[in-house]
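Take a look at the chain below before reading on. The report then walks through its packing, its aromatic pairs and a few single residues.

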Amino acid sequence: MESNYHTLKRTDNQLLVITHLAQMLTYITGFGGLIVPLILWATQKDKVEGMNEHGKAIVNFQLSIIIYCLLSIPLIFLFGLGILILILIGILAFVMPIINAIKASNGELPSYPLSLSFIS
């Protein structure tokens, strides 16, 4: 008899919450907000139910935030609007992981606004 144990995924909402909240490492280290969720997603996507969807959403959001920050730098020099955009990006990057961590704890799928789809 063959065992299908290796194909079963476990439900681990706490790990999904930790993955979303790990994005906050950017505010402490400057770069951990992308690396830690990326590692968690890459190592656990085949083991935890929902990790693939949550991980893709997080990586897409973090890459989008980096792109938006890079695009706002010339706007600082040209119009001064870049500072306002950077402030809005900072607020969005702080609030959305918390909201999606709460959604993950309730078993809901994440939704990050203004997120470009790099990984589908």
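What follows is a short tour of a predicted model.

## Two helices side by side

Start with helix α1, residues 13-21, and helix α4, residues 51-78. They pack at an angle of about 5°, and their axes lie 10 Å apart. An angle under 35 degrees counts as roughly parallel. That makes α1 roughly parallel to α4.

Which residues of α1 meet α4? On the α1 side they are L15, L16, T19 and H20. On the α4 side they are M51, H54 and I58. By type, the residues of this contact divide into 4 nonpolar, 3 polar and no charged.

## The nonpolar cores

In soluble globular proteins, nonpolar side chains tend to be buried together. Which residues make up the largest nonpolar core here? It has 10 residues: L15, L16, V17, L34, W41, V48, M51, V59, A101 and A104. Four elements give two or more residues to this core: α1, α3 (32-44), α4 and α5 (81-105). The largest share comes from α1, with 3 residues.

A second core is separate from this one and has 8 residues. Among them are F61, I65, I89 and M96.

Now look at L16, a member of the largest core. Leave aside its neighbours within four places in sequence. L16 is then in contact with E49, G50, M51, H54 and A104.

## The aromatic pairs

How many aromatic pairs does a search of the whole structure find? The search finds 2.

In one pair, the rings of Y27 and F94 have their planes at 80°, so the pair is edge-to-face. This pair links distant parts of the chain. Y27 sits in helix α2 (residues 25-29), while F94 sits in helix α5, 67 residues apart. Y27 has 43% relative accessibility, so it counts as partly exposed. F94 is also partly exposed, at 42%.

The other pair, F61 and Y112, is stacked. It too links distant parts of the chain. F61 belongs to helix α4, and Y112 to the segment after α5, 51 residues apart. Are these two residues buried or exposed? F61 has 1% relative accessibility, so it counts as buried. Y112 counts as buried as well, at 10%. The cut-off for buried is under 20%. F61 also appears in the second core.

The table sets out the geometry of the pairs.

| Pair | Centre to centre | Angle between planes | Type |
|---|---|---|---|
| Y27 and F94 | 5.5 Å | 80° | edge-to-face |
| F61 and Y112 | 4.4 Å | 20° | stacked |

## Two residues to find

E49 is found in the loop between α3 and α4. Its relative accessibility is 47%, so E49 counts as partly exposed. Where does the chain come back to meet E49? Its C-alpha atom is separated from that of T11 by 5.3 Å. Along the chain, E49 and T11 are 38 residues apart. Leaving aside neighbours within four places in sequence, E49 is in contact with K9, R10, T11 and L16.

Last comes L114, in the segment after α5. L114 has a positive phi of about 60°, although it is not a glycine. Is L114 buried or exposed? L114 has 60% relative accessibility, so it counts as exposed.

Key:
Residues are numbered from 1 along each chain as its sequence is written. This is a predicted model: local features need pLDDT of at least 70, side-chain atom pairs count only at pLDDT 80 or more; totals for chains, interfaces and linings use all residues. Side-chain values use heavy atoms; hydrogens and water are left out. Axes are lines fitted to C-alpha atoms, for helices over the stretch in contact, and angles run from 0 to 180 degrees between N-to-C directions. Angles under 35 degrees count as roughly parallel, over 145 as roughly antiparallel, 65 to 115 as roughly perpendicular and the rest as oblique. Contact means heavy atoms within 4.5 Å. Ala, Val, Leu, Ile, Met, Phe, Trp, Tyr, Cys and Pro count as nonpolar, Asp, Glu, Lys and Arg as charged, and the others, Gly among them, as polar. A nonpolar core is a set of buried Ala, Val, Leu, Ile, Met, Phe, Trp, Tyr and Cys residues joined through side-chain atoms within 4.5 Å. Buried means under 20% relative accessible area, exposed over 50%, partly exposed in between (1.4 Å probe, protein chains only). Rings of Phe, Tyr and Trp (its six-membered ring) pair if their centres lie within 6.5 Å; planes under 30 degrees apart count as stacked, over 60 as edge-to-face and the rest as tilted.
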